[in-house]
Structures are given as C-alpha cells and as structure tokens.
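Visitor: I should like to learn how to read the main features of a protein model. May we work through one together?

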Amino acid sequence: MSTDWFWIYDIPTARLALLSIALFVGVYWSGLILVRPFLRPLVRNIRAANDIVGYILSCFCVFYGLLLGLIAVTAYQNVSEAGSNVTREAAALSALYEDVSRYPEPHAQNLRWLLRDYTRYVIKYAWPLQQRGVIPQEGTIRAEAFHDKLLDFQPQTPAQEILHAEALRQLNHFLECRRMRLFSVKSALPASMWYVMLLGAFFTILLCWLFDMTFVAHLALGGVLASYLGTMMYLIVDMNQPFRGDVSITAEAFETLYARMNEE
Amino acid sequence: MPGPASPNPPRPTGLSRRRAVARAAATCAAARVLAPGLFVGCSLGIPPRAKTVPVGLLHSQTGTMAISATALRDIDLHAIEQINAGGGLLGCQLEARAPDPRSRPDLFVKRAQQLLEGGVAAVFGCWTSTSRKAVLPVFEEHKKLLFYAVPYEGNESSKYCVYGGGVPNQQITPAIDWLLSPNGGSKKKIFLLGSDYVFPRTANFVAKKHLATKNLRPAGEVYLPLGDRDFSAAVQQILFSKADCVLSTVNGDSNLGLFQALTDAKVDPEKLPVISTSIAEDELRSMMPQQVRGHLAVSSYFQSLDTAANREWINGFRREFGSDRVTDDPMESGWCLVHLWKAAVEKAGTFETEAVRQAFVDGLELAGPGGPVRLDPKTQHCTKYFRVGRIRLDRQFDIIHSSDAPIEPDPYPQIAFPGWSCDWTKGGITRGPEVSIDGDI
C-alpha cells in the first residue's frame, strides 16, 4: 500500500469504521437501485433462481471468508511481531543502560546520557515519523555516537573486561532489534492482496443483487451483509500499518524506560 | 388444464420497488435542500496538520568534536521545542533536521548543501572555525543564514553568518589583561598552547599583538593536531619555558590528554594555572575532576551564575534532557541565537533571508540566561560578558571575575588587523592590508 493513502489513518478510528461501513452499505444500496434492474433479467426466467444464486454465494463466501480471515490474521501477526521488536529493543536498551551504569566515571555518566538521549529521540521524534510511515534516520546517529563512546572505554581490570564484553554483546542485540523496528515501519499487505480482497467484496455484493425478494428486505439484509464487509475491511486497514491507527504500537515501552532513566 | 407455473410467483403486496425508489428520490431531494444546514461542520475529522518549516542543526554528533558539539544540538532542539510549544513561528511548527557531519570539514560542506537544498529556513551549527569557514561559501551561494554560537578568532564577517560567540576582544584580550592585573596574579610569562587550526592560531596572533602593546612576549607557543592526546612533550616545553601561566586554545577531546599530561607532570594549578578558552561545563563531564580542579577558564557564561533567569533556564533544560545535564557558554549562545532568529523572523513577518537580515538593522535584544544580549547589526556579532571561572571538584566553576557590562564585539581588532572593519548596515567589509597570522609580531 503506497504512502499516498496514509491520510486514511488521520481519520479518527470510530469515524473511519463508520465511513467504511457507510461506503459498503452505500455501494450495496446504490447498486440495488441503479444496477439491479439490469442484472435481474439475467436470472428472472431461471427456475429457483434464488436457490442457485444462494448456492453460488455460499460457495464463493467459503473462499472469500477464508481469504479475509487469513489476511486479518496476517495483518494482526504483522502488528504483533512489530510490537515484539519494539519491546525487545526497549528491553535491550534497558539492559545496556544497566551494564554501562557499572562503568567507572566519567564513562558511566556519558554513556548513560547518550542512551537517554537516544530514548528521548525515539519517543519525541522517531515515533511521530513512524506514524507517518517515514523511517526515522537520526536515531542511527545517536546509536553510532553511543557505539563510538563505548569503544572509547579501555577496561583496566578483568571485571571491567567481562562487563565491557557483555555491554558490547547487549549493544549488538539492541542494534538488531532497532533494525527490525525500522524494517517494520514500512511493512504492510501487498497491493495485490488489496485488489483481491476488494474484488471479492464486489462479487459478494454483485451476487446478492441477483436475489429476488422485496425491496425493503433487500435493503435490510443486504445492508447487514455490506456493513459487516465494511467492518472487516476497516479492521484490516487499521491493522495494516503497525505504527498507525487504533490497533498500532505505541512508544509506551520506551516511555516507561525513559521515566525510569530520569528517576535515577 | 392449468398452465405451467411462472418461475417467479407474484410478489406479496407491500412496498414496491417503484414506490421505494420514488420515496428514496424524495428523501434525496429533501436531503439536498437540508444538507447545508444539517451537515455544517461535518468532515472526515482529520486533524489539520500544522504547517512545518525545516530548520537545520549542523553539529558533530560523532568524532572528536562530539564531546562539545552534541550539547549544542540539544540546546538548539530545546529552543525549537520551546518555540513549537508556544505555538510555533508565524503559525508554523519548526522541524529540526540534524544530520551528523562527524567532525569532518568535508562532511560539513556536504551536509550543509543537503540541508540548504532541502529548503531549511536557517541553519544553526558548526563548532570549529575550520568547519565554519568550510561551509560559509555554501551559505553565501544559497543566500541563507548560518547562526554560529561558539567563541572564535574574529578576522571574519560574512553577510550570511550571525556570530553568537565571543571574538578576541571579548575573550582573549580581556583574559590577558586580567592575567596581568593583580587580581589575576600579575602574570608576566604567558605560554600559548593550542590545537593546530585556524581559531587557536588567529587567537594567539591577537594575543601576541596584545602582549606586544604591553611590551611583553609569550613564554612559548606550541600547537598540536586537533584530536591529538599526547601532550607530554608540550607540557615539558611549558615547564622548561618557566612560564607562570598557560593560555590554552586546545579544543575538543584533546583537553583530556592535556590535563592528563599536566597531572602526570605534577603541575600545581596555583603556581602554573591553565586558562582555557575552550573548556566549559560540558567538556568537564568527560574529565577527571582531580586533574582539572583549580585551573581556569574564560567564558561569557557559567552555569554557576546565580541569577533567577539562569536558574529557570537550567531547570527548563534539565526537565527535558535529564537532571544531570549541564549548561555552558556555547549552549547559552546557541539558545540566544535561536531566539534572536525567532525575534527577527517575527519582526520581518517572513522566513526570507533578506527580510530577516533587514530585521537586524535596528538591533535585536534578548534577556539571555547569562544577561542581556544585543545583536550588533554592523558586525552581526553579539555583545558578550567576560567572565573567569575556577574549576571546582564538582565540575563547576567559581566565578572569580566578571566584566561590569557586556563588551561590544570587534571582529577586526585594530592591533592585529589594521584598516579592517565591517558594517553590514552600510557597505559591508572595509579591507585593510593583508595580514599573515604566521608573520612576525
């Protein structure tokens, strides 16, 4: 999904859900008035046309329902995985902070200060950028500054050597998690999946238009089906971007860590 | 015989499609008439995104100058965040862009170009004079302003640079006068020690000229490459010269090596104090307090300045960046520069460089944490206090001397650069005879 569509995520969640439902119901009802009169003659002379349309719709809905379900699970897993990366990064940062706090002064203070600076940047600058679908760049500079400073330290005792080795190991883990977080900023369902999903929704509605029933019953029953399709689409759109929408990852793990860093 | 059943039996009576369509059409028509009244204020609910104006921060965050320059980035960010929190500037939020020039002059040029081509309104940055001189042609080409916060050697004035740090007549010559005075210990043999680049060389050139007006010569003069940490030979030279004071223009993390060598040589700061131009509270964070205690530094601002404005400023910075953070002279200048630029933009009513420069003409004033600051429109330099601090064990300074009032800037002191002057409210730079700073005094 291209970032041209990112304005969608600026719409408040409840309103986005209502809009999605309104769009699908609107398409269904409009089609009922404008398109159905032309479609209906295709099946008018077929005996038990409703049964046939019903069989085809059931069959179609099995495949389409499976597809929607799997896509929703994939989108959720995507968010969940990105969330795990964020938690792991914050945990690694916390462990690193603890390690460097054991260094002799002035190294400990300088290293702690650099990690605090990184955490502040992630909360105040990186997160808003991620929410706009932009990969933040300046965190790399802060991570490099910390790396340089850590390598400046020359252990003088065997205990310091062990501590330094552990800090370096923790740093590598932190950098790995950080990279994973940055990768997940742009992770989303591919465009082809969206096309298949929307086409499936359209065919579902098209088949429903072929049913023969009273107009009001059509409006009511078709409206229910269309509104649920709209709800599913909203759910998938909302989960599509790990850092956007209601179902998205917040900077809470970093905020908690930053608060603790500032308490000391 | 009854005929075949119709595939579609007649529908039960009720609301026919034709009637429903007719009603829907009537409803639509009514909605069309009533909509302007019913849906007033309805929208997608997308919050309006504030207009942003990018601002460049060009400070080394890695490499040898990171020890000093990172704090400047932070104070610039702090000032920008304060402006944004107060509603922004001309209705726009400022968006800080802070690439890392890695303490390399070539990268300073590249990053400056990237920032200016990216459309930044102004750039706040550079620490060393080498980096400033490297990027100035880029700013002059793009006709954008660079705000430079660090004390420097003078002998320069660019139409597109605003200088917030002190020049030699605000720092070096008052330091020498103080050292020669009874309060400064009536020193007579001053050793000039510096990093080998344009600031120390030019500052010491001015120092030598100033000493010459007092019929004095320096006890010695030594330069080491920027970033060099082996000062043992230099300290031996100082001891051999029988100097009674060292005027140090050593910059960056080379200071770690200098004070290590002084400690190794058991130099007593009571007998042979080092008076540094480039050591402030932020550099002291990385130094061992026992090594620097008792030595001196000159500055226009010290964190220990006991005023309500200063305390409020420090607390504001610490609330955002951590309670163990310190403030220092370049940070104070950096913060003042961002706010002076804000005042100029507000006065001009635009971010356009020429209009902003025009706003300087009447002079801009600001109540800074270190005292009142005025931007001199002629030189585009700021007025500065002169203060001397003695380093304490807690990495702070005892202020042992302060000028009575801010000193006016003079980037071309006539003792060193005769015939040179600048006035940007009139014709710009008046050139005198070429001066070689490596020449004989």
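**Reading the sheet and the helical chain**

Guide: Let us begin with chain B of this predicted model. In chain B, seven strands form an open sheet in the order β7-β6-β8-β9-β10-β14-β15, and their pairing is mixed.

Visitor: Which strands of chain B are the edge strands?

Guide: The edges are β7 (220-224) and β15 (397-402) of chain B, each of which pairs on one side only. From one strand to the next, the twist averages 25°.

Visitor: How do strands of a sheet pair?

Guide: In general, they pair through backbone hydrogen bonds, in either a parallel or an antiparallel manner. Here, β9 (residues 274-276) and β10 (residues 296-299) of chain B run parallel and are joined by two bridges. On β10(B), B:Leu296 is the bridge partner of B:Ile275.

Visitor: Turning to chain A, how many helices and strands does it have?

Guide: Chain A has ten helices and zero strands, which gives the pattern α-α-α-α-α-α-α-α-α-α along the sequence.

Visitor: Why is chain A described as more spread out than a compact globule?

Guide: The globule rule gives 18 Å for 264 residues, whereas the radius of gyration of chain A is 27 Å, well over that value; therefore the chain is more spread out than a compact globule. Its C-alpha trace spans about 95 × 30 × 25 Å along the principal axes.

Visitor: What share of the residues of chain A count as buried?

Guide: Of its 264 residues, 32% count as buried. As for contacts in chain A with a separation of 6 or more, 81% are between residues 24 or more positions apart.

How values were computed:
Residues numbered from 1 in each chain as written. Chains lettered and ligands numbered in written order. Predicted model: local features only at pLDDT ≥ 70, side-chain atom pairs only at ≥ 80, totals over all residues. Helix = DSSP H or I, 4+ residues; strand = E, 2+ residues; numbered from the N terminus. Rg over C-alpha atoms; globule rule 2.2 N^0.38 Å. Buried ≥ 20, exposed ≤ 12 C-beta atoms within 10 Å, placed from the backbone. Contact = placed C-beta atoms within 7 Å. Pairing = 2+ DSSP bridges. Axes fitted to C-alpha atoms, helices over the stretch in contact; angles between N-to-C directions.
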